[in-house]
Amino acid sequence: MLNQWFYAHLPKFFHRLIFLLIVWSIYAPVTQAEETVPANDAAIAQLTQLLDALQAAEKTIPRDSFETSAVLPHTELTPESLNNWVRDNTWLIPYNGALRDAQGVLMDRVGNSLDRALLLQAMLRELGYDTRLAQGTLTEAQAKQVLAERRPLPASTLPTSTESPEQLEKLIKDFNLDAAQLAKVKAEAEKNQAQLKTTLQERVERQTAELLKLLGTLPAPKPDESYKALQDHWWVQYQEKDQWFDLDPTLSTELAKQIHAKPVKTHDLNKLSSLPSELLHSVKVKVILECAKEEKLTETILAQTPAILPSEVLGKPFSVNHIAVNLPNDFNAGDLEAFKKTLLKQENWFPVITVADQQYFDQEYTANCILNKAKPPQTGTTIDNTLGDVLGAFDTSASNSSNPPANNAFITSMWLEYEIHTPNQPKQTIRRQLFDLIGAAQRATGKAVTALDEVPQLEWRLALLGSTDILAFGHGISDDYLLSLSSHQLLKNRTPILQILEKINELSQVKQAAQQFKYLPLRLYALAHLRSYAHQATLLDQINIINLHRQLKSGQTNLKLLEAFDITNNAGLSSSQKLNDQVTQGVIDTNAEALLSQNCPTNRSETCSAVVNTAELWELAKVQNITWQVIRTPNELQQLSTSNNVAQQITTALKQGYIVVAPIKPVLVGDVAVTNWWTINPQTGQTLGVGELGWGNAMAEYISLLNVAVGASFCNAVSHTTKELAACTIALGLGAGGVYLGFAGQAVAGSLMGLGATLTVGGYAYYSQNHK
C-alpha cells in the first residue's frame with residue numbers, strides 16, 4: 001500500500017536531481033555571502049546553466065497523465081481507437097455528476113461514465129471531430145450488471161512512467177553538469193526518501209490499528225447502492241459526413257445498442273461549465289465577519305465567489321487575503337512597540353478572494369463593524385495573490401477615513417465558509433476560523449462579551465496580515481503532473497530569481513524584483529500528491545479541500561510566523577466498501593500533513609516550535625501516559641479534563657453525528673497544554689484530525705529573531721536584510737507556502753531552509769532540520 005507510492009517514484013530521477021541542484025544553487029549565494037560581499041558570479045552562472053538544463057528536462061516529462069494531446073500517440077488516431085484507449089486504460093467508478101473532467105481522469109485513471117465521456121470527447125476534438133455528449137438512463141438491473149461486470153480496479157490506478165539513463169547522460173554532456181554533484185544529491189535524496197517512507201508507513205499502520213481497536217467494531221457499511229449513480233449514463237457522439245456515431249467506453253456492445261437507441265438528451269457544449277449546474281461538483285467560498293453589539297452576535301458576508309469547479313483552479317492561484325487599506329508603505333517592526341501601535345490604528349480592512357485570474361471583493365469593514373463598499377483597484381492595475389501586490393494595487397489616498405464614527409460594536413471572529421455541492425447529495429457547509437476572539441463556549445450562549453481589550457484587537461489584525469491558500473480537487477495528483485507543475489513554476493520565476501541574486505546587496509533592487517514573482521502553493525499539491533499515492537483503497541467521489549493558513553502572532557520580544565495545513569474535507573469512495581479504508585485515509589492525511597510541516601527553517605531548537613496535530617499528539621500522549629477516550633454522547637464529555645471551548649467544539653461534532661476520540665486530558669507540547677482529537681463518521685468511516693482552531697494541524701511557529709517589516713510585499717514582513725529578503729522571496733516564489741528565516745547548514749538542500757520536503761516535489765526527498 002504505502003510501498004507502492006515510493007516504488008512509483010524511483011524513475012525520472014534526473015528531473016528531481018536538477019531541481020534539487022537548482023534550489024541548492026539559488027540558496028548557496030544567499031546563505032553563504034555576507035551583506036558586504038557580492039553574490040558569487042560563478043554560482044549565478046551555475047544556476048543559469050541548471051535552469052537551462054531544467055528547461056530541457058521539463059520538455060521530456062511524460063504528459064499523458066494530464067494532457068489529452070499526449071495520449072494520442074498511444075492510439076491509432078481513429079475514433080474507435082480513442083474509445084478503446086479510454087476503455088482499456090481508465091476504470092469505471094460510481095458517483096454522480098461531473099467531478100474530474102478530462103484532465104482529472106488522466107490524473108488518476110478513474111471516473112464515472114460522464115467524466116470518461118468528457119475525456120473521450122476532448123481526445124476526439126484534438127483530432128478535429130465535431131462532438132456532443134449523449135445522456136441516457138439505465139434500469140436498476142442494467143446498472144447492477146454494469147457494476148458487476150466492470151473491470152476490477154488494480155491495486156493502484158495512478159499512472160507511472162520511466163526514463164532511460166541515457167537521458168541523464170545527455171543532459172550532463174549537453175549542459176556540462178557536475179556528475180559528482182548529481183550523485184551526491186541523489187544519494188542524499190534517496191536516504192531521506194527512505195526515512196520518510198519508514199516513518200509514514202510505520203506510524204500510519206500502527207496508529208490506524210490502535211484507533212480501530214479503541215473504536216471497537218464499526219457498524220457494517222450500508223447496503224451497496226452505488227449502482228444508482230450508474231443509472232445516469234453518458235457517452236459520446238461524433239459527426240462524420242453529416243452522420244452521428246456513438247462511442248461508449250463503459251457499456252458492453254449488446255447493452256450499448258439498447259441504450260444508444262433512445263438517448264434521453266444530447267448536450268452540445270464547449271466547456272464543462274456549460275453543463276447544467278446540478279450536474280457539476282462545485283464549491284463556493286465565503287468570508288464571514290462576526291460582530292458583537294449590545295451582547296448580540298451578528299454575521300455579515302464580506303466576500304464570496306460563484307460556484308467554482310475544481311478543474312478551473314487546478315494549477316492556478318486560489319487564495320484569501322485581507323487588505324489593510326491605510327497601511328503605510330514604510331510599515332516597519334524594527335521597533336516592535338511602534339509596529340503594534342501602527343497596526344492598532346488600522347481601522348479599514350477588506351478581504352479579497354483570488355480565483356485563478358479573477359478577484360472577488362465586496363464589503364470593507366472597520367474595527368467597530370461599520371461596513372462600506374470596498375474600493376476597486378486603480379484603473380489599469382490588477383490584484384495578484386500576494387499581499388504586496390494587493391496592497392500596491394489599491395489607492396489608499398481615496399479610502400475611507402481611518403477614524404470611523406463612534407460605534408459600540410466590535411469584531412469577534414472571522415470565518416472561511418465552504419459550500420460544497422455534490423450532485424444528488426445535500427449541500428455540505430464547512431467552516432474554518434481565521435480568528436476567534438470569544439471562543440465556542442461563549443458563542444454557544446448566543447451572547448458576546450461586552451468589550452475586548454487591546455490584546456485581541458492586535459491579535460486579529462496580525463492574523464489578517466497573513467493569507468490562506470486553497471486547493472480544491474476531485475482526483476489524485478499524478479507524479480508527472482506535480483513534477484511538471486513544479487518545474488514550470490521555477491522556470492516561470494527565472495528572471496526575478498536571477499535578478500535578486502545579482503542585486504542581493506541592493507535592497508531596492510531586490511524589492512523591485514520581488515514584485516515580479518508569481519506564487520503558487522506547491523506544498524498543497526505535494527500533500528495532495530502524497531495522499532494520492534500512499535493509499536489507493538480510497539478514491540475521490542466528491543471535492544476534497546486542503547488549506548494552508550499563514551498568520552502573524554506577537555511574542556514578548558518578536559513576531560512569529562505561524563503556518564498550518566488544514567485538511568478541510570477528505571471524503572472519498574472506498575473501493576472495497578470497508579469503513580476501515582476511510583479511517584486509514586484519515587490517519588494517512590493527518591500524518592502526511594505533519595511530516596510535510598516539519599520543515600523548520602533552522603536547526604536551532606530555540607527558534608522553532610514543534611509541529612502539533614492529532615497524529616503528533618497521539619505519539620506524545622504515549623510518552624506522557626495519557627490515554628484516549630471514545631466519546632459518543634455529550635454526557636461522556638465528563639470523562640475528559642478539557643477547556644469549555646474544546647468541550648463545546650466536541651459537543652458540536654457529536655450533534656453532527658460524529659464519534660470523537662480525544663485524550664482524557666491536555667497533552668504537553670513543551671510547556672503548552674494542547675488538546676486535539678479525531679472525528680470519525682460512523683456511517684462512512686471518514687476520519688479527520690482536528691485541533692482547537694478547527695484545523696487539522698495546530699500551527700508550527702517559526703520565531704523570527706530578526707526584525708519584521710511589512711512593506712510592499714509579504715516577504716518584507718519578515719525580512720530585515722537583503723540576504724533574508726532574497727531567501728524569503730525566492731522561497732515564496734518557488735511555492736514554499738510561507739516565509740522561512742534562518743538556514744539549515746550547508747549540506748545539499750540544507751540551505752533550502754528545510755524546504756526539501758516540499759521543493760523536491762515528485763521525489764519527496766525529505767530533509768530534516770538537523771542536516772549538518
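Author: Let's start with a word you'll need: a residue is buried under 20% relative accessible area, exposed over 50% and partly exposed in between, using a 1.4 Å probe and protein chains only. Here, 61% of the 772 residues of the protein chain count as buried. One caution: this is a predicted model, where local features need pLDDT of at least 70, side-chain atom pairs count only at pLDDT 80 or more, and totals for chains, interfaces and linings use all residues. Residues are numbered from 1 along each chain as its sequence is written, and side-chain values use heavy atoms, with hydrogens and water left out.

Reader: How many helices and strands are there in the protein chain?

Author: Helices (H or I, at least four residues) and strands (E, at least two) are DSSP runs, numbered from the N terminus. On that basis the protein chain has 25 helices and 29 strands.

Reader: Which strands form the open sheet that includes strand 22?

Author: Two strands pair if DSSP finds at least two bridges between them. The order in this open sheet of four is 22-23-26-27, with antiparallel pairing. Strand 22 (628-631) and strand 27 (687-690) are the edges, each pairing on one side only. For angles, axes are lines fitted to C-alpha atoms, for helices over the stretch in contact, and the values run from 0 to 180 degrees between N-to-C directions. From one strand to the next, the twist averages 20°.

Reader: And what packs on that sheet?

Author: Contact means heavy atoms within 4.5 Å. Helix 21 (residues 579-597) touches strand 26 (677-680) and strand 27, and its direction makes about 30° with that of strand 27.

Reader: Are the residues of strand 26 buried or exposed?

Author: Both faces are covered: Trp 677 and Thr 679 on one side, and Trp 678 and Ile 680 on the other, are all buried. Now follow the partners. Three bridges join strand 26 to strand 23, where Val 660 is matched with Thr 679. Four bridges link strand 26 with strand 27, and there Trp 678 has Gly 689 as its bridge partner. The hairpin of strand 26 and strand 27 has six residues between the strands, and Gly 685 takes a positive phi near 85° in it.

Reader: What is the order of the open sheet that has strand 5 at an edge?

Author: That one runs 5-4-3-6, again four strands with antiparallel pairing. Its edge strands are strand 5 (243-247) and strand 6 (265-267). Neighbouring strands are turned by 35° against each other on average, direction ignored. In the sheet, strand 3 (residues 130-137) and strand 4 (residues 232-240) share eight bridges, and Thr 137 is partnered by Asp 232. Helix 6 (residues 113-126) lies across strand 3, strand 4 and strand 5, at about 15° to strand 4.

Reader: How do helix 13 and helix 16 pack?

Author: Angles under 35 degrees count as roughly parallel, over 145 as roughly antiparallel, 65 to 115 as roughly perpendicular and the rest as oblique. Helix 13 (residues 336-344) and helix 16 (residues 454-464) meet at about 85°, with axes 10 Å apart, so helix 13 is roughly perpendicular to helix 16. Phe 339, Lys 340, Leu 343 and Leu 344 in helix 13 meet Glu 454, Gln 457, Leu 458, Arg 461 and Leu 462 in helix 16.

Reader: Where is Asn 613 found?

Author: Asn 613 sits in strand 21 (residues 612-613) and is buried, with a relative accessible area of 0%.
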